[in-house]
Amino acid sequence: MDDRVHVLIAEDETIIRLDLRQLLEGEGLVVCAEARDGQEAVDLARETQPDVAILDMKMPNMDGIEAARRIYAERPIPIVMLTAYADPLLVERAITAGVFAYLVKPFRSGDVIPTVRAAVARHEELLASSRDRGRSGTPIEVEVRSSSGAVYPLRLRRGPDGNLNVTLGSSERS
């Protein structure tokens with residue numbers, strides 16, 4: 001059994017996609033699939049069952065936010081959004097779609113692995129706490145950090161229908 005982390009990369013710019021692949025594989029992660037657009041990312045996530053996905057926000061056919069929403073709805077995995085945009089409305093849309101961390105372009109190679117590992121760790125924490133607290137209706141609060149240091153507080157609550165409701169909480173830190 002392969003215990004290494006399997007990663008799906010979705011980025012329409014070939015040079016960035018190849019750079020990410022090299023960085024991830026250099027650190028022992030396995031790139032199990034590469035997509036050039038959002039729809040391909042959704043299809044490959046279904047087919048390859050990655051442990052984590054890195055999605056560019058702006059891609060052809062389907063943007064990264066919609067791809068994240070669809071991937072997370074089918075099989076909740078940690079998702080890292082790769083973006084050149086720090087618009088708060090886009091950030092909020094991405095967070096409600098299931099994004100756990102951000103890499104802001106141009107990213108530094110030293111930020112990639114820690115961001116991916118932080119997203120995986122936060123996802124594992126969420127799964128563990130949802131097993132314990134999600135049944136009671138008590139909200140779970142987590143923070144998503146961008147590579148630029150911005151902190152986005154999230155409040156997660158299981159709805160009566162069993163769906164996970166994610167909202168952007170109030171920020172006491174910047």
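**View 1. The three-stranded antiparallel sheet of this predicted model.** Strands β6, β7 and β8 form an open sheet in that order, paired antiparallel. Strands pair if DSSP finds at least two bridges between them. Helices (H or I, at least four residues) and strands (E, at least two) are DSSP runs, numbered from the N terminus. β6 (140-145) and β8 (164-168) are the edges; each has a single partner strand, so one side of each lacks a neighbour in the sheet. From one strand to the next, the twist averages 30°. β7 (residues 151-158) and β8 run antiparallel and are joined by five bridges. Leu 154 has Leu 168 of β8 as its bridge partner.

This is a predicted model: local features need pLDDT of at least 70, side-chain atom pairs count only at pLDDT 80 or more, and totals for chains, interfaces and linings use all residues. Residues are numbered from 1 along each chain as its sequence is written, and side-chain values use heavy atoms, with hydrogens and water left out.

**View 2. Helix α4 against β7 and β8.** Helix α4 (residues 88-96) lies across β7 and β8 and runs at about 160° to β8. Axes are lines fitted to C-alpha atoms, for helices over the stretch in contact; angles run from 0 to 180 degrees between N-to-C directions. Leu 90, Val 91, Ala 94 and Ile 95 of α4 are buried. They span an arc of only 135° around the axis, which puts them on the same side of α4. The arc is that of the directions from the helix axis to the C-beta atoms. An α-helix has 3.6 residues a turn, so residues three or four places apart point the same way. Pro 88 and Leu 89, on the other side of α4, are exposed. Buried means under 20% relative accessible area, exposed over 50%, partly exposed in between (1.4 Å probe, protein chains only). The buried residues of α4 pack against α3 (64-74), β4 (79-83), β5 (99-104), β7 and β8. Contact means heavy atoms within 4.5 Å. After α4 comes Gly 98, with a positive phi near 115°.

**View 3. The five-stranded parallel sheet and two of its helices.** The strand order of this open sheet is β2-β1-β3-β4-β5, with parallel pairing. β2 (30-35) and β5 are the edge strands, each pairing on one side only. Neighbouring strands are turned by 20° against each other on average, direction ignored. Four bridges link β3 (residues 52-56) to β4 in the parallel sense. Asp 56 stands opposite Leu 82 in β4. Helix α1 (residues 14-26) packs on the sheet and touches β1 (6-10), β2, β3 and β4. The direction of α1 makes about 170° with that of β2. Helix α2 (residues 38-48) also packs on the sheet, touching β1, β2 and β3. The direction of α2 makes about 145° with that of β2.

**View 4. The largest nonpolar core, with Leu 55.** This core holds 57 residues. Leu 24, Leu 55, Ile 71, Ile 79, Met 81 and Tyr 102 touch the most other members. Helix α5 (residues 109-132) gives the most to the core, with six residues. A nonpolar core is a set of buried Ala, Val, Leu, Ile, Met, Phe, Trp, Tyr and Cys residues joined through side-chain atoms within 4.5 Å. Setting aside neighbours within four places in sequence, Leu 55 has contacts that include Ala 10, Ala 41, Gly 64, Ile 71, Ile 79 and Met 81.
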